[in-house]
Amino acid sequence: MLRVGVLVSGGGTNLQALIDACKTKEFPAKIVSVISSRSKAFAVERARNHNLPCEVIQKKNFSEAGAFEAAIIKTFDMHGVELVVMAGFLTILDDSFFDYYANKIINIHPSLIPSFCGKNFYGIKVHKAALEKGVKVTGATVQFVIPETDAGPIILQKAVDVMDNDTPETLQKRVMEEAEWIILPKAVQLFAEGKIAIEDGRTRIIS
Ligand code: GRF
């Protein structure tokens, strides 16, 4: 069983998708630690409802560079974390974290990267930008995390149609339901099964 640590900051619906997947028979991973950067995040409730070890670690409580990252690493190490999943984690981490978990951190983003990604694209802003541009298809991406935002090797993507009457909120909901909650657990499963090869900044799924 692959030991997964999850980083959250918000509602935690992707965390929930992973919790649900872990409960299914033969899923090769389990969540051993959840860390939230916000004490009021509903993700914290979700973790506690499922008796998952959960801690709130906030950047504002650390003054020295790297101390916040070290605190997360310490907690994850205590639980033997082998894969870090960023599931709506909104706090910036420094390079020490990415060095420590090189090729062992994955993130879910609510667009088809390289569209609508990068520094200022998070949450509802991503869907607003997609509607403003008038794209007919959007979706979600799971990728490895590297220091450059949303630039790591892509693992899985799933497309979702945009409807004429979509609002950012309806689009966000559909992208979650039809893409995010499906491809995030799938990527964790592929990682756990050792089926993701990284070559020249790209991944190859080993069948
Ligand atoms: C999701 O849209 C995810 O793609 C993005 O942040 C949002 C988190 O939602 N990175 P939730 O907390 O999982 O409900």
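This is a quick look at the ligand site and two backbone oddities in a predicted model.

Start with the ligand. The space it takes up is the largest pocket. Around the ligand you'll find Gly10, Gly11, Gly12, Thr13, Asn14, Gly88, Ile108, His109, Pro110, Met176 and Glu180. By type, that shell splits into seven polar residues, three nonpolar and one charged.

Where does the shell come from? Helix H1 (13-23), strand S5 (105-109) and helix H6 (168-192) each chip in at least two residues. On the domain level, domain 1 (1-102) and domain 2 (108-207) each give at least three residues to the shell.

Here are three polar contacts to the ligand, with their distances:

| Residue | Protein atom | Ligand atom | Distance |
|---|---|---|---|
| Thr13 | side-chain N or O | oxygen | 2.6 Å |
| Glu180 | side-chain N or O | oxygen | 2.7 Å |
| Ile108 | backbone N or O | nitrogen | 2.9 Å |

How much of the ligand does the protein bury? Taken alone, the ligand exposes 370 Å², and the protein buries 86% of that.

Now for the backbone. The peptide bond running from Ile113 to Pro114 is cis, with omega near 20°. Pro114 sits in the loop between S5 and helix H5 (124-133), and S5 is one of the elements that supply shell residues.

The other spot to check is Asn51, where phi is near 55°, a positive value in a residue other than glycine. Asn51 belongs to the loop that links helix H2 (42-49) and strand S3 (54-56).

Terms used
Residues numbered from 1 in each chain as written. Predicted model: local features only at pLDDT ≥ 70, side-chain atom pairs only at ≥ 80, totals over all residues. Heavy atoms only, no water. Near = heavy atom within 4 Å. Polar contact = N/O pair within 3.5 Å; in protein donor to acceptor, adjacent residues only side chain to side chain. Areas by Shrake-Rupley, 256 points an atom, 1.4 Å probe, with all protein chains shown as cover. 1 Å grid on protein atoms, 1.4 Å probe; cavity = no way out; pocket = protein on both sides within 12 Å on 5 of 7 lines; lining within 4 Å. Sits in = over half its atoms within 2 Å of the grid points. Helix = DSSP H or I, 4+ residues; strand = E, 2+ residues; numbered from the N terminus. Nonpolar A, V, L, I, M, F, W, Y, C, P; charged D, E, K, R; others polar. Domains from an automatic or database assignment.
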